[in-house]
Structure formats: structure tokens, C-alpha cells
Amino acid sequence: MTTATPVLLQLLPLPFPEAQQRLAQRFDLIELWKEQDPDAVIAARQNEIVAVVTSAMTPTSAKLIDKLPNLRAICSHGVGYDAIDVKHAQKKGIQVSNTPDVLNDCVADLALGLLLATARRLGQAERYVRSNLWSTDAKFPLGVKVSHKKIGIVGLGRIGMAIAQRAKGFDMEIRYHNRRQRTDVGLTYEPSLVELAAWADFLVIATVGGPDTRHLVNDDVIKALGRDGILINISRGTVVDETAMVNALVSGELGGAGLDVYESEPTVPDALKTLDNVVIVPHIASATSETRKAMADLVAANAEAFAKTGNVITPIPP
Ligand code: DGY
């Protein structure tokens with residue numbers, strides 16, 4: 001008796017050939033990015049598809065899910081899942097996996113990198129040297145000290161904890177705001193985000209994206225952080241009211257910002273590109289070869305496990 005090879009719809013390639021190869025060994029792959037008419041391909045094979053590979057940045061809508069009556073698993077590359085209609089999939093009994101943990105270190109490293117770069121004006125200092133402005137009588141503006149300062153972490157999940165660990169290395173005073181207080185971490189909980197911002201020198205956003213956290217960091221929070229405060233965002237652009245943030249940076253009501261994420265990526269508001277108190281990078285928190293490889297391997301492992309056992313390894317909990 002022969003068992004048919006399961007069909008997997010891949011919305012994007014995995015960035016490492018070995019991981020891609022692992023998928024090809026287990027599945028009949030529909031490599032959608034290679035197709036001239038992707039909608040026609042999906043329509044022609046919709047009944048066969050049992051799994052989808054997608055990413056944290058690739059919209060995976062209820063509309064697509066509903067086109068695939070035999071879909072049982074969605075395996076995503078990335079930890080965030082606000083681009084995927086997870087609730088809709090789970091309601092239909094479809095498992096959704098992400099790639100948690102393997103990127104905690106690199107995302108936390110970038111959070112501290114942005115914090116240091118913004119506080120110490122590294123972007124501006126680089127531009128200054130590259131533009132040949134450095135001379136014996138020139139004065140470069142002073143930055144602010146990081147060690148022993150106060151850091152407020154918004155979202156104390158695994159990445160938030162990795163940020164806290166690093167902040168301890170700088171002897172920083174740490175408080176956090178979270179959906180619920182954690183009794184297992186020995187850190188001070190602040191139930192009011194405005195109070196946390198008013199207390200903090202640096203407010204680091206590490207919470208999940210999606211409708212529940214949209215504009216959690218609003219004008220009140222930004223103003224509370226204030227003219228000496230620095231906002232760092234490595235989570236999702238939608239968590240911060242970007243217009244309020246840009247206005248506060250331009251008017252000087254917010255001291256600075258270090259940003260990896262934006263509300264409408266890849267669009268970055270033009271005003272941010274002109275400000276010296278801002279460090280902007282293109283959503284690269286997990287972008288190291290080691291971490292991206294680990295993420296690709298975990299996607300392949302989730303898809304393989306699903307093909308073998310019917311269950312993914314790292315499901316997003318309902
Ligand atoms: C994630 O994993 O959610 C990142 O933000 C995407 O690279």
C-alpha cells in the first residue's frame with residue numbers, strides 16, 4: 001500500500017537550503033513564490049493542501065485558511081504571529097506553530113544595542129565621522145549614561161526576561177509592565193504603564209503585537225516618558241502610536257527613540273530619518289545567521305513532526 005505524499009503550500013522559501021530540503025523530503029511542495037498565478041494554483045490544489053509554511057511577516061488570513069478545507073497545520077517562521085489569523089485557524093482545529101526561544105538572545109541583544117546606540121548617539125556619531133565633520137575644535141553633543149539607570153520593560157515574556165538579564169549586567173534598576181504580574185522573576189511590577197514610563201529613563205517595548213496591544217504606548221505614555229526618556233521598540237510598530245511618537249520626538253517632548261519596527265513596514269516616517277535623537281534599523285532583531293538558521297530548522301522540524309505524528313512541536317497555545 002502506498003501513502004500519498006502530503007501537500008504543503010509554502011508562501012515563502014526557508015532561508016537555508018538544508019531546511020528547505022527537509023521540507024522537500026517529506027512533502028509535495030507548492031512553492032507559491034515561483035508561480036505566475038498563485039491564486040489559480042491555490043484554487044486548483046485547494047483540496048490537497050494539509051499544511052502551510054508562512055512567516056511572522058507574511059499575511060496569512062482567514063480568507064486563505066477558508067480556501068483550504070483539509071488544512072491541518074500552519075508552520076510559521078518567526079515568534080510573532082500577528083500577521084496570521086491564529087484564532088480563526090484554531091477554531092477550525094488547525095494547529096499553528098511559531099519559532100519561540102531560538103531568537104530570544106538576538107532580539108534582546110538588539111534591544112540593548114538600540115538602547116546603547118540611542119543613549120550614546122552612535123548613529124549620529126557615525127554620520128559625523130563619515131561626513132568628515134570631526135576636527136580638533138569641533139564639539140560632538142553629549143549622550144546620556146546607561147549604567148545604573150532605570151529601565152522599564154513592557155511585556156515580560158521570554159524576550160522581555162532576556163532583556164532584563166542584560167540590563168542587570170549594566171546595573172540598571174528594572175521594573176516591568178505585563179498583562180499579569182509575575183511572581184517568579186523577582187522584579188518590580190508596575191500595573192500602570194503611564195507610571196512605569198514616568199519612572200523610567202528607558203522604556204523598552206517587548207510585548208506581542210496584534211489588536212490587543214495596538215497603540216498601548218499612546219500619547220500619555222510617551223509624554224510621561226518625557227524629554228529625558230528614550231523609547232526602544234523591538235516588538236511591533238503597531239504597539240506604539242507612531243504619529244504621537246514622531247510628534248513628541250520632533251517637539252522635544254520625547255528624548256529619543258531606538259526602533260527596529262514601524263507601523264507600516266517597510267515605510268518609515270520621513271521625519272524619523274531627519275532626527276539625530278533617533279536610531280532606526282530595518283526589523284533586524286532576529287537577523288543573525290545563527291538565529292535565522294535555528295528558526296528555519298525549527299519550521300522544518302515542526303512540519304516534519306506534523307507529517308510524522310500529526311502534531312507540531314511548538315504550537316501557539318489557544
Ligand atoms: C518575529 O520573529 O516575530 C520577528 O519580529 C520577525 O523577524
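Residues 17-314 start and finish with C-alpha atoms 22 Å apart, and the span is 39% helix and 15% strand. In UniProt, an unreviewed entry puts the feature "domain: D-isomer specific 2-hydroxyacid dehydrogenase catalytic" on residues 17-314. A second annotation from an unreviewed UniProt entry, "domain: D-isomer specific 2-hydroxyacid dehydrogenase NAD-binding", covers residues 112-285. For residues 112-285, the end C-alpha atoms lie 11 Å apart, with 33% of the span in helix and 16% in strand. It's worth keeping in mind that the model is predicted.

Now for the protein as a whole. Counting up its regular pieces gives 12 helices and 12 strands. The radius of gyration is 22 Å, close to the 20 Å that the globule rule gives for 318 residues, so the protein is as compact as a globular protein of that length. Laid out along its principal axes, the C-alpha trace spans about 80 × 50 × 30 Å. Of the 318 residues, 41% are buried. As for who meets whom, take the contacts between residues at least 6 apart in sequence: 60% of these join residues at least 24 apart.

Next, the domains. The domain assignment splits the protein into domain 1, made of 7-101 + 290-309, and domain 2, made of 104-280. Their C-alpha centres lie 33 Å apart. Where the two meet, 5 residues of domain 1 are in contact with 7 residues of domain 2. The side of domain 1 that touches domain 2 has 1 nonpolar, 2 polar and 2 charged residues.

What surrounds the ligand? The residues around the ligand are A56, M57, G78, V79, G80, L103, A285 and S286. Sorted by character, this shell comes out as 5 nonpolar, 3 polar and no charged residues.

A few spots in the backbone deserve a closer look. Most residues other than glycine have a negative phi, and most peptide bonds are trans. The peptide bond from E265 to P266, however, is cis, with omega near 5 degrees. P266 sits in the loop between β11 (256-259) and α11 (270-274). D101 has a positive phi, near 70 degrees, even though it isn't a glycine. This residue, D101, belongs to the loop between β5 (95-97) and α5 (104-119). D101 counts as partly exposed because it has 14 C-beta neighbours inside 10 Å. H148 isn't a glycine either, and its phi is positive at about 70 degrees. H148 is part of the loop between α6 (122-130) and β6 (150-154). With 10 other C-beta atoms within 10 Å, H148 is exposed; the cut-off for that label is 12 or fewer.

V102 is found in the loop between β5 and α5. Is V102 buried, exposed or partly exposed? V102 has 19 other C-beta atoms within 10 Å, so it is partly exposed, since a buried residue needs 20 or more. Leaving out neighbours within four places in sequence, V102 is in contact with T291, A294, M295 and L298. One of these partners, M295, is 193 residues away from V102 along the chain, yet their C-alpha atoms are separated by 6.6 Å.

V50 lies in strand β3, which runs over residues 49-55. V50 is partly exposed because 19 other C-beta atoms lie within 10 Å of it. Not counting residues up to four places away in sequence, V50 touches P6, V7, N70, L71 and R72. R227 is another story: V50 and R227 are 177 residues apart in sequence, and their C-alpha atoms are 53 Å apart in space.

Finally, there's G258, which lies in strand β11. G258 counts as buried because it has 28 C-beta neighbours inside 10 Å. Which residues does G258 contact, leaving aside its neighbours within four places in sequence? The contacts of G258 are L114, L115, A117, T118, I230, I232 and V279. As for I234, it is 24 residues from G258 in sequence and 8.6 Å from G258 in space, C-alpha to C-alpha.

Key. Residues are numbered from 1 along each chain as its sequence is written. This is a predicted model: local features need pLDDT of at least 70, side-chain atom pairs count only at pLDDT 80 or more; totals for chains, interfaces and linings use all residues. UniProt positions are given in the numbering used here, feature names are shortened, and annotations may be inferred rather than shown by experiment. Helices (H or I, at least four residues) and strands (E, at least two) are DSSP runs, numbered from the N terminus. The radius of gyration is taken over C-alpha atoms; the globule rule is 2.2 Å times the number of residues to the power 0.38. Domain bounds come from an automatic or database domain assignment. Ala, Val, Leu, Ile, Met, Phe, Trp, Tyr, Cys and Pro count as nonpolar, Asp, Glu, Lys and Arg as charged, and the others, Gly among them, as polar. A residue is near a molecule or strand if its C-beta atom, placed from the backbone, lies within 6 Å of it.
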